[in-house]
Amino acid sequence: MFDRRLITNFNWTYVLLILLIAVIGIANMYSATSSWTTAAQPVYVKQFYWLGLGLVIIVLVCLLDYRHLEYLSFPLYGGNLLLLILVLAVGKTSMGATRWISLAGFNVQPSEIMKIVIIIALARFFSDKAHLRGFSLKELIAPGLLLAVPALLIMKQPDLGTALLVLCIGGTMALFAGIQRNAVVFLAVTGFAAAGGGWFLLHNYQKQRIMTFLNPERDPLGAGYHIIQSKIAVGSGGIDGMGFMKGTQSQLSFLPERHTDFAFSVFAEEWGLIGCLLLLSLYCLIVIWGLHIALRSNDRFGMYLAIGVSAMLFWHIVVNLGMVIGLLPVVGVPLPLFSYGGTSMVTTMTGVGLLMNVSMRRFMF
């Protein structure tokens, strides 16, 4: 028999917050691409369809009790790992990167799916092995391998941004699970050493991005063009912005990738500091609300699922915003619900569906 409490405990406010950000993003996309003349369907219309699909995904994810995922976690992880290997073997190459594989007539990006799958797999691991004293270095070897293998495969595509996000999501979940102090110190030192040594493993274009991040003016019309134009757009917004569809950087097409990675720059130019603070408040709210759902979960697996999804949203927001204002290198990470892209929308909405699932079943034992 259907339990009516599932409906009464559905977190409608959270979904409305998600919808509000997505609608602002579509309006921003409309402004950013208004000068485009193309016979193809406008990107803001496509984004609207992706949003509709995202809502369907939330409903579908909520129909399945999240506790069943605990038993499916490692098979899902193994299957996704196989897809990542297949991408390197027979994947579709576009603009120098091999990230997609054709399945049943659709182009699938397994690295995006891995963001969700790694959350489920680590939630299973940390809920099974949880203890009060925190994880020692030896006990972190298994979750470290769970993280490192897909991260290396994704980096090989190459997709440094997604690989770093997977590591950040897993690292955040590990910190919430508890790590002994000496293990934290060792990992921090190793991380700094690996960052230095990792420079020699990067592709030339990745090194170029980091050099451009440190000094964009060294190539203002080439590698530094994106970030210089983005910072001009953000600064042009001032306190209250230039007004909807009145941003010069975006409307005069100085700002590249303004409907995807640099969508926030368009918003900042048109709505200024006040608009940015309001949008950031909405993003803060959905991350904090996600952690609140984690704290109210009635089991450890649900708690770690909610923490993982909140971490995924948090790191996407931090990396994208850091990127567009010049605090981080440009690594092609979209702003959730705001940047154009079906893959990003599907991944975000799947995560939101998991959060709703945990919230709905917090009273069930």
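Author: Helices (H or I, at least four residues) and strands (E, at least two) are DSSP runs, numbered from the N terminus. The model is predicted, so local features need pLDDT of at least 70 and side-chain atom pairs pLDDT 80 or more, while totals for chains, interfaces and linings use all residues. Residues are numbered from 1 along each chain as its sequence is written, and side-chain values use heavy atoms, without hydrogens and water.

Reader: In which loop is the place of Pro 158?

Author: The helix before this loop is α6, residues 141-155. The helix after the loop is α7, residues 160-177. Pro 158 therefore has its place in the loop between α6 and α7.

Reader: Which residue does a cis peptide bond join to Pro 158?

Author: Most peptide bonds are trans. At Pro 158 the bond is cis, with omega about 0 degrees. The residue joined to Pro 158 by this bond is Gln 157.

Reader: Which residues does Thr 98 touch, leaving out those up to four places away in sequence?

Author: Thr 98 is found in strand β2, which covers residues 97-103. Contact means heavy atoms within 4.5 Å. Counted in this way, the residues touched by Thr 98 are Val 87, Gly 91, Lys 92, Thr 93 and Gln 157.

Reader: Is Thr 98 buried or exposed?

Author: Buried means under 20% relative accessible area, exposed over 50%, and partly exposed in between (1.4 Å probe, protein chains only). The relative accessibility of Thr 98 is 15%. Because of that value, Thr 98 counts as buried.

Reader: What is the phi of Glu 257 near?

Author: Most residues other than glycine have a negative phi. Glu 257 lies in the loop between α11 and α12, and is partly exposed because its relative accessible area is 40%. Its phi is positive, although Glu 257 is a residue other than glycine, and is near 50 degrees.

Reader: Is Leu 337 buried or exposed?

Author: Leu 337 lies in the loop between α13 and α14. Its phi is near 70 degrees, again a positive value in a residue other than glycine. With a relative accessible area of 2%, Leu 337 is therefore buried.

Reader: What distance separates the C-alpha atoms of Gly 243 and Leu 53?

Author: Gly 243 is found in the loop between α10 (225-236) and α11 (248-251). It counts as partly exposed because its relative accessibility is 21%. Gly 243 and Leu 53 are 190 residues apart along the chain, and their C-alpha atoms are separated by 31 Å.

Reader: Which element gives the largest share of the largest nonpolar core?

Author: A nonpolar core is a set of buried Ala, Val, Leu, Ile, Met, Phe, Trp, Tyr and Cys residues joined through side-chain atoms within 4.5 Å. The largest one has 83 residues, and those with the most contacts inside it are Phe 126, Met 173, Ile 286 and Met 356. Its largest share is 13 residues, and these come from residues 263-296, helix α12.

Reader: How many residues are in the second, separate core?

Author: Val 319 and Met 323 are among its members. The second core also includes Val 331 and Val 333. This core is separate, and its number of residues is five.

Reader: Which residues does Met 356 touch, not counting those up to four places away in sequence?

Author: Met 356 is one of the residues with the most contacts inside the largest core. Its contacts include Phe 10, Asn 11, Tyr 14 and Val 15. The list of residues touched by Met 356 is completed by Ile 58, Cys 62 and Ile 293.
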